[in-house]
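Good morning. Please look at the chain on the screen while I go through a few places in it.

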Amino acid sequence: MSHNSDSVPLQSSQSDIDEIEYLINAGSTTVLPAKPTTPNRASIPVSSSPFIPISIPPHSTNYNTTPVPQAPPPPPPPRTQSSNVTGFGSPPNTLTEPVLDTVKRDFSRIVSNLKLVVFPNPNRDDPGKALRDWDLWGPFFFIVFLGLTLSWSASVKKSEVFAVAFALLAAGAVILTLNVLLLGGHIIFFQSLSLLGYCLFPLDVGALICMLKNNAVMKLVVVGITLAWSSWAAYPFMSTAVNPRRKALALYPVLLMYVSVGFLIIAIN
């Protein structure tokens, strides 16, 4: 009895082993599904050469040898000669010139301006053209010359006569110029001083004649003529510089100064 109870049945284990072997064999014989077929791609030709052949048309060796006409070079700028009509300044390259050349140039300028201001000429109606190359050497010379002439004509206190005449003429020219500018005149300050100084030339001539011929009647005649001459010389320049409605306000002080100088010439013995 004990022997029968200890014995293990072998049929169940054998069946399990058979089942496992069956599964193994079945798994090894299983066929996997095939991959889906891909469409055929276009084949790209691959060349073993590293350079890609390019069809280039043959280069023509027939060059156009016709010369292209070139534009002519621009003409050189015209040479302008140095002119003295540049205002108060001197022409270039005058610092190293001889003193005699400078004196000659200034003297010729004074003579030219004197002709334009005092004597009849076609440019008297246009102050800009008549006194474009203005200067102050000429007016200074005429003021000093008139003062010296009056002092030589005086019998006493010659230095005081010269000082009064010089101060009257210099201060009078400045005041008259300021008067024209305040009236709205279109004129340069130093150009106006130059103009008034050049207009003293007739009175200089009259003072010189009265000094040489000490005659009362002759003095009256000479001073009257030279006074009218100076006023005539200053009239077109001062009248065109201001508004026509203010012309009298600009001319009256000028006439008053010249009349004062005329009285000095007559009164001094």
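Val164 sits in helix 6. In this predicted model, Val164 has a relative accessible area of 48%, so it counts as partly exposed, a class that runs up to 50%. Leu264 comes 100 residues away from Val164 along the chain, yet the two C-alpha atoms are separated by 9.9 Å.

Helix 6 covers residues 158-182, and Val174 lies in it as well. Is Val174 buried, exposed or in between? Val174 is partly exposed, because its relative accessible area is 32%, and buried would need a value under 20%. Together with Leu178 and Leu181, Val174 makes a nonpolar surface patch of about 200 Å².

Now the loop that leads into this helix. Lys157 is found between helix 5, residues 137-153, and helix 6. The relative accessibility of Lys157 is 57%, and since the cut-off for exposed is over 50%, Lys157 counts as exposed. Its backbone deserves a remark: phi of Lys157 is near 50°, which is a positive value in a residue that is not glycine. Most residues other than glycine have a negative phi.

Next is helix 9, and I will begin at its start. There, a side-chain oxygen of Asn215 comes to within 3.2 Å of the backbone nitrogen of Val217.

Does the length of helix 9 fall short of what its residue count predicts, or agree with it? Helix 9 has 26 residues, 216-241, and at 1.5 Å a residue these should span 38 Å. The C-alpha atoms at its ends are 37 Å apart, so the two values agree. Helix 9 also has a kink of about 35° at Tyr235, and the proline Pro236 follows shortly after the kink.

Trp232 is another residue of helix 9. With a relative accessible area of 38%, Trp232 is partly exposed, because the value falls between 20% and 50%. Which residue is paired with Trp232 across 114 positions of sequence? That residue is Val118, and the C-alpha atoms of Trp232 and Val118 are 8.3 Å apart in space.

Last, the chain as a whole. How many helices and how many strands does it have? The chain has ten helices and zero strands, and the pattern along the sequence is α-α-α-α-α-α-α-α-α-α. The chain has 269 residues, of which 30% count as buried.

That is my list. Thank you.

Technical notes. Residues numbered from 1 in each chain as written. Predicted model: local features only at pLDDT ≥ 70, side-chain atom pairs only at ≥ 80, totals over all residues. Heavy atoms only, no water. Helix = DSSP H or I, 4+ residues; strand = E, 2+ residues; numbered from the N terminus. Expected span 1.5 Å × (residues − 1). Bend = angle between axes of the 7 residues up to and from the residue. Polar contact = N/O pair within 3.5 Å; in protein donor to acceptor, adjacent residues only side chain to side chain. Patch = residues over 30% accessible without salt bridge, like charges linked within 9 Å, V, L, I, M, F, W, Y side chains within 5 Å. Areas by Shrake-Rupley, 256 points an atom, 1.4 Å probe, with all protein chains shown as cover. Salt bridge = Lys/Arg side-chain N within 4 Å of Asp/Glu carboxyl O. Buried < 20%, exposed > 50% of the residue type's maximum accessible area, 1.4 Å probe, protein only.
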